[in-house]
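Subject: Structure handover and what was found in it

Dear colleague,

Here is the structure I promised to pass on to you. Please open it alongside this message, since the notes below go through it residue by residue and then turn to the ligands.

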Amino acid sequence: MNRIFSGIQPTGNLHLGNYLGAVRNWVSLQHDYECIYCVVDLHAITQWQEPEELRKSTREVTAALIAAGIDPKKNIVFNQSQNPDHAQLAWIFNCVARLGWLNRMTQFKEKAGKHRENASVGLYAYPNLMAADILAYKGTHVPVGEDQKQHLELCRDIAQKFNSDYGVEFFPITEPLIFGTATRVMSLRDGKNKMSKSDPSEYSRINFTDGPDEIAKKIRKAKTDPDALPSEAKGLEGRPEAENLVGIYAALSDKSIEQVLAEVGGKQFSEFKQMLSELCVEVLGPIGNEMKRLVAEPQHIDAILRDGADRAREMTHPILEEVMDIVGFVHPLKG
Ligand code: AMP
Ligand code: TRP
C-alpha cells in the first residue's frame, strides 16, 4: 500500500516556493492516497526559535495547509512533537546512520555556515529525524521540493542498513515525489539562490499572507535582464531570473514552459510582470485570506493538531513496538 508522508518546518512565513514545490502537490495527492502531513517543530528547534514565535508559526503553517485545501479529516495533519515516537525512532537511527553519511549533507553545510563548531548537534542529526518521521509510518512516497532529495537518499540508506543489519525486510525503501514545473523556485532578487524563509530580504520571496499590493511590488522589483522574453525554452539558457519567472508563471497557470513562451515570447518584462502579478494574486489571494481567518481561531487549529496527533500515534505505535522487538529491547508487550 502506498503511504504518503511529508513535513514542513514552522519557521517564519510560508512562501511561493513552499507552495509550488510541496504544498500544492500535497493537496493533489490527498485524493488518491492516505496522506500524513507533519508540521516539524522538532526540526525547527535545530536552530534557535523564540518559544512564542514557534507556537505562532506552528498554528500559522497548519492554517496555511488547510487554507491551501488539505482536508485534515481525510488526512492526518499534526505537529511532530505531539507524537513522541518520532524522537524515539530517531535515536535508533542515530545508531544506524554513519558519521560519513551525515558529513556529506549539503543542507547542514549551508545552514551551519562558517560556524560549524557552534551548530547544534540536532542540526547535524536532522536527516536522521527526518528518516524517522517517514519510517515511523512506513511511508512509501514523500512529496518534497528538489532541495530535499539528498535527505531522502539518506532515508533510503538508513532503511536499507537497518533491514540488512537486523536481517529483516521491515522498512520500505521510500521514493521521493518531486514533480511539477517548479520544484526549485529561486529568489526574486537572485536567480541563482533558492527562495527561502531565511533570506533576510523580504523582496526575495512572495509569502502566502502577502496582499495584492505587496505581491505586485515584489514582482515589479524582481531582478530581470534587459532583453525581451524569448519564444522558445532555449532562449532562457544563461538567464536564471527570466527562467525562474517563466517557471513560476507556468506552474501557477498549469502550463508547460513552451506553452507560456509561445504566449509571451517577444514581450517586455514590464508587461509580463504584470501578468505574473495578477496570476499570483489569483492563486495565493484566497489562500492567504482563508489562512488569516483560520489563524484567528487558535483553539480550532489546536483541536485539529490534537486529533491528528492521536491518529498519528495510533499508526506509529505498533510499528515502534515491532522495531523494539527487532532491536532487542525488553518492553511490556514482550515476555
Ligand atoms: P521547509 O520550508 O524547508 O520546511 O520546506 C518545506 C517544503 O517546501 C519542502 O518540501 C521543500 O523542498 C519545499 N521548498 C522549500 N523551498 C522551496 C523552493 N524555493 N522551491 C521549491 N520547493 C521548496
Ligand atoms: N527537512 C524538510 C524541509 O526542510 C522538512 C521535513 C522534516 C520533511 N521531516 C520530513 C519532509 C519528512 C519530508 C518528510 O523541508
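K138 is partly exposed, with a relative accessible area of 27%, and this residue is found in the loop between α7 and β4, the latter being residues 141-143. Please bear in mind throughout that this is a predicted model, and that every value here was computed from it. The backbone at K138 deserves a look, for the residue has a positive phi of about 55 degrees although it is not a glycine.

A positive phi of about 55 degrees is also found at D254, which again is not a glycine. This residue lies in the loop between α10 and α11, and with a relative accessible area of 64% D254 counts as exposed, because the cut-off for that word is over 50%. The loop between α10 (240-253) and α11 (257-264) also holds K255, which is partly exposed at a relative accessible area of 28%. If you wish to place K255 against another part of the chain, its C-alpha is 29 Å from that of P72, while the two residues are 183 apart in sequence.

Two buried residues come next. F78 has its place in strand β3, residues 76-79, and its relative accessibility is 0%, so F78 counts as buried. From F78 to P318 the distance is 19 Å, C-alpha to C-alpha, across a separation of 240 residues in sequence. Q49, by contrast, lies in a loop, the one between α2 (41-44) and α3 (51-67). Is Q49 buried or exposed? Its relative accessibility is 19%, and Q49 therefore counts as buried, since the limit is under 20%. The side chain of Q49 also reaches the backbone oxygen of A44, at a distance of 3.2 Å.

Now to the ligands, beginning with ligand 1, which sits in the largest pocket. There are 17 residues around ligand 1, and those that come nearest are G145, D147, V185, M195 and K197. Which part of the chain gives the largest share of this shell? That is helix α1, residues 16-29, which supplies 4 residues. By character, the shell around ligand 1 divides into 5 nonpolar, 8 polar and 4 charged residues.

Several polar contacts to ligand 1 can be followed atom by atom. A nitrogen atom of ligand 1 lies 3.2 Å from a backbone N or O atom of G17, and an oxygen atom of the ligand is 3.0 Å from an N or O atom in the side chain of N18. At M195 it is again the backbone that takes part, with a polar backbone atom 2.9 Å from a nitrogen atom of ligand 1. As for cover, ligand 1 taken alone exposes 480 Å², and the protein buries 92% of that.

Ligand 2 also sits in the largest pocket. Of the 13 residues around ligand 2, those that come nearest are Q9, Y126, M130, D133 and Q148. The residues of this shell divide into 7 nonpolar, 5 polar and 1 charged, and the largest share of the shell, 4 residues, comes from α7.

The polar contacts listed for ligand 2 involve side chains. An oxygen atom of ligand 2 is 3.2 Å from an N or O atom in the side chain of Q9, whereas a nitrogen atom of the ligand is 2.6 Å from an N or O atom in the side chain of Y126. At Q148, a polar side-chain atom lies 3.1 Å from a nitrogen atom of ligand 2. On its own, ligand 2 has 370 Å² of accessible area, of which the protein covers 91%. The elements that give two or more residues to the shell around ligand 2 are β1 (3-8) and α7 (121-135).

When you go through the structure, you might start with the two residues of positive phi, K138 and D254, and then follow the contacts of ligand 1 at M195 and of ligand 2 at Y126.

With best wishes

How values were computed. Residues numbered from 1 in each chain as written. Chains lettered and ligands numbered in written order. Predicted model: local features only at pLDDT ≥ 70, side-chain atom pairs only at ≥ 80, totals over all residues. Heavy atoms only, no water. Near = heavy atom within 4 Å. Polar contact = N/O pair within 3.5 Å; in protein donor to acceptor, adjacent residues only side chain to side chain. Areas by Shrake-Rupley, 256 points an atom, 1.4 Å probe, with all protein chains shown as cover. 1 Å grid on protein atoms, 1.4 Å probe; cavity = no way out; pocket = protein on both sides within 12 Å on 5 of 7 lines; lining within 4 Å. Sits in = over half its atoms within 2 Å of the grid points. Nonpolar A, V, L, I, M, F, W, Y, C, P; charged D, E, K, R; others polar. Buried < 20%, exposed > 50% of the residue type's maximum accessible area, 1.4 Å probe, protein only.
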